[in-house]
Amino acid sequence: MANANDQAEKHVGETKGLPNHTHDLVHDLNTRLDALWRYDQYIANAEKGGSKDGKQFWQDMKTQETKNIDRLKDLIRQCVKDGSF
């Protein structure tokens, strides 16, 4: 027997604008772009607070996130190219 929560979500995902894999790439790209957008502020806050280790941490995170974003963009480009976007 389905509970009320199952019924409330019964139709979630029935209508798709993209295949699940492609949607996941776009969704994760958005999440990572939001994080990247904040890193400069985090770096400035650490610098203002006198935390060299904190500043380096956020700079490292920004560098890694930029690489992750570039990979995601490449994967999305491939989806466009192969027609799965």
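Me: Which residue takes a positive phi just after H2, and what is the value?
Reply: In this predicted model, Gly50, which comes just after H2, has a positive phi of about 80 degrees.

Me: How do you know that the length of H2 agrees with what a helix should span?
Reply: At 1.5 Å a residue, the 29 residues of H2 should span 42 Å, and because the C-alpha atoms at the two ends of H2 are 42 Å apart, the two values agree. H2 nevertheless bends by about 30 degrees at Tyr39.

Me: Which residues of H2 are buried, and against what do they pack?
Reply: The buried residues of H2 are Thr22, Leu25, Leu29, Ala35, Tyr39, Ile43 and Ala46, and the buried residues of this helix pack against H3.

Me: Why is Thr22 called buried?
Reply: Buried means under 20% relative accessible area, and the relative accessible area of Thr22 is 2%, so Thr22 is buried. Thr22 is found in helix H2 and, leaving out residues up to four places away in sequence, touches Cys79, Ser84 and Phe85.

Me: What makes Ala35 buried or exposed?
Reply: The limit for buried is under 20%, and Ala35 has 15% relative accessibility, so Ala35 counts as buried. Ala35 also lies in helix H2, and the C-alpha atoms of Ala35 and Met61, 26 residues apart along the chain, are separated by 9.5 Å.

Me: Which residues make up the largest nonpolar core, and which helices supply them?
Reply: The largest nonpolar core consists of 6 residues, namely Leu25, Leu29, Ile69, Leu72, Ile76 and Cys79. Helix H2 (20–48) and helix H3 (52–82) each supply at least two residues of this core, and the largest share, 4 residues, comes from H3. Within this core, Leu25 is in contact with Leu72, Ile76 and Cys79, and Leu25 also contacts Leu75, when neighbours within four places in sequence are left aside.

Me: Why is the pair Lys62 and Asp40 called a salt bridge?
Reply: A salt bridge needs a side-chain nitrogen of Lys or Arg within 4 Å of a carboxyl oxygen of Asp or Glu, and the side chains of Lys62 and Asp40 meet at 2.5 Å, N to O. This pair links distant parts of the chain, with Lys62 in helix H3 and Asp40 in helix H2, 22 residues apart. Lys62 has a relative accessible area of 28% and is therefore partly exposed, and Asp40, with a value of 43%, is partly exposed.

Me: Which salt bridges lie in helix H3, with partners 3 residues apart?
Reply: Among them is the salt bridge of Lys73 with Asp70, whose closest N and O atoms are 4.0 Å apart; both residues lie in helix H3, 3 residues apart, about one turn of the helix. The side chains of Asp74 and Arg77 also meet in a salt bridge, at 2.8 Å from N to O, and these two residues likewise lie in helix H3, 3 residues apart, about one turn of the helix. Salt bridges that share partners join Asp28, Arg32 and Glu65 into one network, and the count of salt bridges comes to 6.

Me: What makes Lys73 and Asp70 partly exposed?
Reply: Partly exposed lies between the buried limit of under 20% and the exposed limit of over 50%. Lys73 has 33% relative accessibility and so counts as partly exposed, and Asp70, with a relative accessible area of 37%, is partly exposed.

Me: How many aromatic pairs are there, and why is the pair of Tyr42 and Trp58 called tilted?
Reply: The count comes to 4 aromatic pairs. The ring centres of Tyr42 and Trp58 are 4.6 Å apart and their planes stand at 55 degrees, so the pair is tilted, given that planes under 30 degrees apart count as stacked and over 60 as edge-to-face. Because Tyr42 lies in helix H2 and Trp58 in helix H3, the pair ties together parts that are 16 residues apart in sequence.

Me: What makes the pair of Phe57 and Trp58 edge-to-face?
Reply: Planes over 60 degrees apart count as edge-to-face, and the planes of Phe57 and Trp58 are at 70 degrees, with 4.9 Å centre to centre. Ring pairs link Tyr39, Tyr42, Phe57 and Trp58 into a cluster.

Terms used: Residues are numbered from 1 along each chain as its sequence is written. Side-chain values use heavy atoms; hydrogens and water are left out. A nonpolar core is a set of buried Ala, Val, Leu, Ile, Met, Phe, Trp, Tyr and Cys residues joined through side-chain atoms within 4.5 Å. Buried means under 20% relative accessible area, exposed over 50%, partly exposed in between (1.4 Å probe, protein chains only). Contact means heavy atoms within 4.5 Å. The expected span of a helix is 1.5 Å times one less than its number of residues. The bend at a residue is the angle between axes fitted to the seven residues ending there and the seven starting there. Rings of Phe, Tyr and Trp (its six-membered ring) pair if their centres lie within 6.5 Å; planes under 30 degrees apart count as stacked, over 60 as edge-to-face and the rest as tilted.
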